[in-house]
Structures are given as C-alpha cells and as structure tokens.
Amino acid sequence: MYSVAKIAGVSMLGLFAAGCSNTPYEPIVDGPRGATYQNDLAQCRTLSTQKPKTHEGATAGAVIGGLAGAEDDVEGVVAGAVIGGLIGSAADKSELTDERDVIVFNCMRGRGHNVVG
C-alpha cells in the first residue's frame, strides 16, 4: 500500500505543477495592440471571472476514488477518495480556465478585434 501512496503522491505533484499556471490568456490578434486593445482585454478578462467555480469533478472524483479503493481496506478508501478528489479538482480548474479563455476570445471578437487564436 505504501508504494501505491508514494506513486499517487508523485503523480499529484505533477498534476498540480502542470495546472498551477497563473498566466492569463492573451488572444492572438491580427491588428494593433494599443490602448483600446489593452482596455478591452482587461474588461473581457473581468467578464470571464464571472463564470462561477464548481467542485463537481472533485466530489465525483472522491466518490469514485473511494469506491475504487474500497476493495483493499479503510486506508484504501481514504487514499482513493483523496487521490480522486485531487484529480477531479485539477480537472475542474482546467475546465474552468478553458471556459474563461473562450469567454475572453469571444468578447474580444465582439469588440471588433480580429482574434485568430
């Protein structure tokens, strides 16, 4: 059981390192990036933060992980729930980031910027 926990711990560190990027999305535009662009980008980023956070993936991951670990013992249930919850939480964060990027993309297009990516 110890080796499973060790492997899971190292895996979680890798997931969190990959998912902890705080670099805000910057759309690729064909055109000027002057004061109007910067102002629109700031407003679109603010708009994207209104997308609410959910914890559905973390909850589902904890339940599934707990069930998967249930065949071993109580430690397996707890370890499975923790690992599943962490994986689900990382997936939620990634999905939220993707949705917010799409909001910024569409918002900038709606404000007349030629967004290509």
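Accessible areas here come from the Shrake-Rupley method with a 1.4 Å probe. On that basis, the protein exposes about 7,600 Å², and carbon and sulfur atoms supply 62% of this surface. The model is a predicted one, so the values below describe a computed structure. Of its 117 residues, 25% count as buried.

The fold is simple to lay out: there are 4 helices and 0 strands, giving the order α-α-α-α from the N terminus on. What about contacts along the chain? Taking the contacts with a separation of 6 or more, 70% are between residues 24 or more positions apart.

Next comes the disulfide. The structure holds 1 of these, formed by C44 and C107, with the two sulfur atoms 2.1 Å apart. That distance fits the cut-off, since a disulfide is taken as a pair of cysteine sulfur atoms within 2.5 Å. The torsion about the S-S bond of C44 and C107 comes out at about -70°, so the disulfide is left-handed. Because C44 sits in helix 2 (residues 35-48) and C107 in helix 4 (residues 74-110), the pair ties together parts that are 63 residues apart in sequence. As for exposure, residues under 20% relative accessible area count as buried. C44, at 0%, is therefore buried, and C107 is buried as well, with a relative accessible area of 12%. Leaving aside neighbours within four places in sequence, C44 is in contact with V104, C107, M108 and R111.

Helix 2 itself looks regular in length. At 1.5 Å a residue, its 14 residues should span 20 Å, and the end C-alpha atoms are indeed 20 Å apart, which agrees. Its buried residues are Y37, D40, L41, C44 and S48. Seen down the axis of helix 2, these buried residues fall within an arc of 105°, so they line one face of the helix. S48, which has its place in helix 2, is buried with a relative accessible area of 5%. Not counting residues up to four places away in sequence, S48 touches R100, I103 and V104. V104 thus turns up in two contact lists, that of C44 and that of S48.

Several of these residues come back in the largest nonpolar core, which has 9 residues: V29, Y37, L41, C44, V104, F105, C107, M108 and V115. Helix 2 and helix 4 each supply at least two residues of this core, and helix 4 gives the most, with 4 residues. Both cysteines of the disulfide, C44 and C107, are members of the core.

Away from the core, D30 offers a contrasting case. D30 lies in the loop between helix 1 (2-19) and helix 2. With the cut-off for exposed set at over 50%, D30 counts as exposed at 56% relative accessibility. D30 and N114 are 84 residues apart in sequence, yet their C-alpha atoms are 5.4 Å apart in space. Not counting residues up to four places away in sequence, D30 touches N114 and V116.

Methods. Residues are numbered from 1 along each chain as its sequence is written. This is a predicted model: local features need pLDDT of at least 70, side-chain atom pairs count only at pLDDT 80 or more; totals for chains, interfaces and linings use all residues. Side-chain values use heavy atoms; hydrogens and water are left out. Buried means under 20% relative accessible area, exposed over 50%, partly exposed in between (1.4 Å probe, protein chains only). The expected span of a helix is 1.5 Å times one less than its number of residues. The arc is that of the directions from the helix axis to the C-beta atoms. A nonpolar core is a set of buried Ala, Val, Leu, Ile, Met, Phe, Trp, Tyr and Cys residues joined through side-chain atoms within 4.5 Å. Contact means heavy atoms within 4.5 Å.
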